[in-house]
Amino acid sequence: MRTITVVTISALLAVGSCGGGNHDFRRPSPRDARSPCPMLNSLANHGYLPRNGKNVSIDQIVNGIDEALNISPLSTRPVAEFAATTSTTGNPTTLDLDDLNQHGVIEHDGSLSRSDFALGDNHSFNPKIYNTVAKFFTKDVISIKTAAQARRARLIAAATQNPSYNFTAREDQFSQFETALYLAVYGKGTEGNAKTKWVNIMFREERIPYKEGYKRPTNVILNEHIVELAEKVAAAA
Ligand code: HEM
């Protein structure tokens, strides 16, 4: 009896610490919809969002991010609602993840890991492009300064390579927030220092790095933390 109890408790702990249970990692099939966002894709690959990436509701996005990453719903709901303006599902409160490929809504030029719209595939992970960013990540952690330098270099390269390059002030802000998000989720509070390994796993594998030690933080990530990081990223460039 004692053995069974011990085994059950260890099994539960294992599930909690490595995204097990319903949240094991599964690669998407070619029929599944995925987006230009490495984190929404990671969440779908772990079943925090529907694994087929279809008819994903605003609530599922908000709750999935909360459940997996502990980001405040007050921060993510407005973005999820805005994202739903791309919906092609016939229901304005749901979207397919590939609806987010629409250029000029949230998707923009100068992405860290995707090609520009005018140059072809604006939504699939592009290792060649990401390598030009990841080469800045030479230490175990990514400081705000390093993240800002990597972003800046990618923007300059995109502007040089794409004759139709378009990057408005609003898109600059989106891009700052995306860098702030990976620093907030995989770093420490508002100081940056995101674990390089975890960030690479998000981009390259679209997986939450449970096996490498990631745990949902106990402290909620608030909108003000992400805003502070985005401002620091903008200032550091
Ligand atoms: C409401 C929730 C979210 C929506 C609707 C959303 C949507 C998007 C979209 C459409 C893009 C593509 C922008 C581009 O053209 O580069 C993007 C990029 C990105 N998102 Fe999300 N996202 C959400 C939440 C998150 C969260 C929680 C993270 C946490 C790490 C995150 C991290 C990123 C990163 C790092 C990029 C940049 C990818 C690149 O530049 O290659 N996102 N997101």
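The ligand in this predicted model takes up the space of the largest pocket. Around the ligand, the elements that each contribute two or more residues to the shell are α2, α3, α4, α7 and α8. That gives you a handy place to begin: find the ligand, and you have found the pocket as well.

Let's look at the pocket itself. Its volume is about 1,100 Å³. The lining is made of 39 residues, and those closest to the centre of the pocket are Cys37, Val79, Ile106, Glu178 and Leu181. Several helices take part: α2 (38–45), α3 (58–69), α4 (73–83), α7 (169–186), α8 (196–205) and α9 (223–236) each provide at least two lining residues. Which of the elements gives the most to this lining? The answer is α7, with 8 residues. As for the chemical classes, 26 of the lining residues are nonpolar, 10 are polar and 3 are charged.

Now move in to the ligand. It is surrounded by 25 residues, and Cys37, His108, Ser111, Leu112 and Ser113 are the closest of them. Cys37 is worth pausing on, as this residue is also listed among those closest to the centre of the largest pocket. Sorted by class, the shell around the ligand holds 18 nonpolar, 4 polar and 3 charged residues.

Where do oxygen atoms of the ligand meet polar atoms of the protein? Start with Ser111, where a polar atom of the side chain lies 2.6 Å from a ligand oxygen. At His108 the partner is in the backbone: a polar backbone atom there is 2.8 Å from an oxygen atom of the ligand. With Glu107 we are back to a side chain, which has an N or O atom 3.2 Å from an oxygen atom of the ligand.

Finally, turn to the second largest pocket, which has a volume of about 400 Å³. Lining this pocket are 19 residues, and the ones nearest its centre are Ala184, Gly187, Lys188, Gly189 and Pro217. Here the elements that supply two or more lining residues are α7 and α9. The greatest contribution comes from α7, with 3 residues. By class, this lining divides into 10 nonpolar, 6 polar and 3 charged residues.

If you would like one element to follow through the whole tour, try α7. This helix gives the most to the lining of the largest pocket, and α7 gives the most to the lining of the second largest pocket too. It also belongs to the elements that give two or more residues to the shell around the ligand.

Key: Residues are numbered from 1 along each chain as its sequence is written. This is a predicted model: local features need pLDDT of at least 70, side-chain atom pairs count only at pLDDT 80 or more; totals for chains, interfaces and linings use all residues. Side-chain values use heavy atoms; hydrogens and water are left out. On a 1 Å grid over the protein atoms alone, a cavity is a set of points where a 1.4 Å probe fits but cannot get out, and a pocket is an open set with protein on both sides within 12 Å along at least five of seven lines; lining residues have an atom within 4 Å of a point. Grid points are joined across faces, edges and corners, and a volume is the space filled by probe spheres set on the points. Helices (H or I, at least four residues) and strands (E, at least two) are DSSP runs, numbered from the N terminus. Ala, Val, Leu, Ile, Met, Phe, Trp, Tyr, Cys and Pro count as nonpolar, Asp, Glu, Lys and Arg as charged, and the others, Gly among them, as polar. A residue is near a molecule or strand if one of its heavy atoms lies within 4 Å of it. A polar contact is a pair of N or O atoms within 3.5 Å; within protein, one must be able to donate a hydrogen and the other to accept it, and residues adjacent in sequence count only if both atoms are side-chain atoms. A molecule sits in a cavity or pocket if more than half of its atoms lie within 2 Å of its grid points.
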